[in-house]
Amino acid sequence: MPLKDLPPDARPREKLLARGPGALSDVELLAILLRTGIQGKGVLQMAHELLQIKPKDGADAGFDGIAGLLSATADDLKRVKGLGPAKRAELVAVLELARRAMAQRLQERTVFDTPDAVKNYLQLHLSARKQEVFAVLFLDVQNRLLAMEELFQGTLSQTSVYPREVVLRALHHQASAVVLSHNHPSGTVQPSRADEMLTQTLKTTLALIDVRVLDHVIVAPGEALSMAERGLM
């Protein structure tokens, strides 16, 4: 149904202002961002289709919910009819604002006062990547975020992640501690034996310069695992 045919209190924008954002569905919130649909397809239908779950056979569908959509790149969004440059830019900008807001929070507070924020922040950065990416959060003496850097890409192992490079970056940032992280594009967050060995290698190496490894977080779409919380460190 076109928005103009809905009762005023059922239109997403009016509903948000009257009842707050928590009263809206993902489809309604996305419709506010999109503002308009295209010929033959209203904005609510368009939003619904964008958020559809992809079938297992990989056929064309939506982006697997709001997290999948907001993790999409501008190039991913180009294939969607009706998403012109302005709408694509707005969707990508929303994700970047979320990243920056989380980064600011982690810079202002001790990281492990908010462990869920760390996992959410890493998910926003890494969960949608199509190949494995190894990243490091560099922390100050109060465990506040100094910087995040993606250091390696590709299949991760002790031989493809160079401890020397991690040490150099830790010294560059004058870090007192680090949080290691990488993604599993396969969708599972269970650490492999190689993940555990890599963690121990980096712990031993970084200890030589008095830098602690506080955690190793593995992320996948919609999920994150802390090796420290699981007692795997």
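## A buried histidine and its partner

The side chains of H182 and D195 make a polar contact at 3.2 Å. This is a predicted model, so take that distance as one computed from predicted coordinates. H182 sits in strand 3, the run covering residues 177–183. Is H182 buried or exposed? Its relative accessibility is 0%, so it counts as buried.

## The overall picture

Stepping back from that pair, the protein has 9 helices along with 5 strands. Reading from the N terminus, the order of elements is α-α-α-α-α-α-α-β-β-α-β-α-β-β. The C-alpha trace spans about 65 × 40 × 30 Å along its principal axes.

How much of the protein counts as buried? Of its 233 residues, 39% do. As for who touches whom, take the contacts with a separation of 6 or more: 55% of them come from residues 24 or more positions apart.

## Helix 2 and its buried side

Helix 2 takes in residues 26–34, and its buried residues are E28, L30, A31 and L34. Why do these residues end up on the same side of helix 2? Because they cover an arc of only 165 degrees around the axis.

And what do those buried residues pack against? There are four helices to name here: helix 1 (12–19), helix 3 (43–50), helix 4 (65–70) and helix 6 (85–108).

## Where helix 2 meets helix 6

One of those partners, helix 6, deserves a look of its own. The axes of helix 2 and helix 6 come within 10 Å, and they cross at roughly 125 degrees. Angles of 65 to 115 degrees would count as roughly perpendicular and those over 145 as roughly antiparallel; helix 2 and helix 6 are therefore oblique to each other.

Which residues do the touching? From helix 2 come L30, L33 and L34, and from helix 6 come K87, E90, L91 and V94. Sorted by type, the residues of this contact are 5 nonpolar and 2 charged, with no polar ones. L30 and L34 also appear among the buried residues of helix 2.

## Two positive phi values outside glycine

Right after helix 2 comes R35, and its phi is positive. The value is near 70 degrees, in a residue that isn't a glycine. R35 belongs to the loop that links helix 2 to helix 3. With a relative accessible area of 42%, R35 is partly exposed.

D210 is another case: its phi is positive too, about 60 degrees, and again the residue is not a glycine. Look for D210 in the loop between helix 9 (193–207) and strand 4 (212–220). Is D210 buried or exposed? Its relative accessibility is 66%, so D210 counts as exposed.

## M102 on helix 6

Back on helix 6, M102 is worth a stop. Its relative accessible area is 25%, which makes M102 partly exposed; the cut-off for buried is under 20%. Setting aside neighbours within four places in sequence, M102 contacts A117, N120, Y121 and L124.

How far is M102 from G82? The two are 20 residues apart in sequence, and their C-alpha atoms are 30 Å apart in space.

## K119 on helix 7

Helix 7 covers residues 115–126, and K119 is part of it. Here's a lysine that is buried, with a relative accessible area of 14%. Once residues up to four places away in sequence are left out, K119 touches V217, A224 and E229. Of these, V217 falls within strand 4 (212–220) and A224 within strand 5 (223–226).

## Out at the end of the chain

After strand 5 (223–226) there's a further segment, and G231 is found in it. G231 is exposed, with a relative accessible area of 62%. Where does G231 stand relative to T201? They are 30 residues apart along the chain, with 17 Å separating their C-alpha atoms.

Technical notes: Residues numbered from 1 in each chain as written. Predicted model: local features only at pLDDT ≥ 70, side-chain atom pairs only at ≥ 80, totals over all residues. Heavy atoms only, no water. Buried < 20%, exposed > 50% of the residue type's maximum accessible area, 1.4 Å probe, protein only. Arc of directions from axis to C-beta. Contact = heavy atoms within 4.5 Å. Polar contact = N/O pair within 3.5 Å; in protein donor to acceptor, adjacent residues only side chain to side chain. Axes fitted to C-alpha atoms, helices over the stretch in contact; angles between N-to-C directions. Parallel < 35°, antiparallel > 145°, perpendicular 65-115°, else oblique. Nonpolar A, V, L, I, M, F, W, Y, C, P; charged D, E, K, R; others polar.
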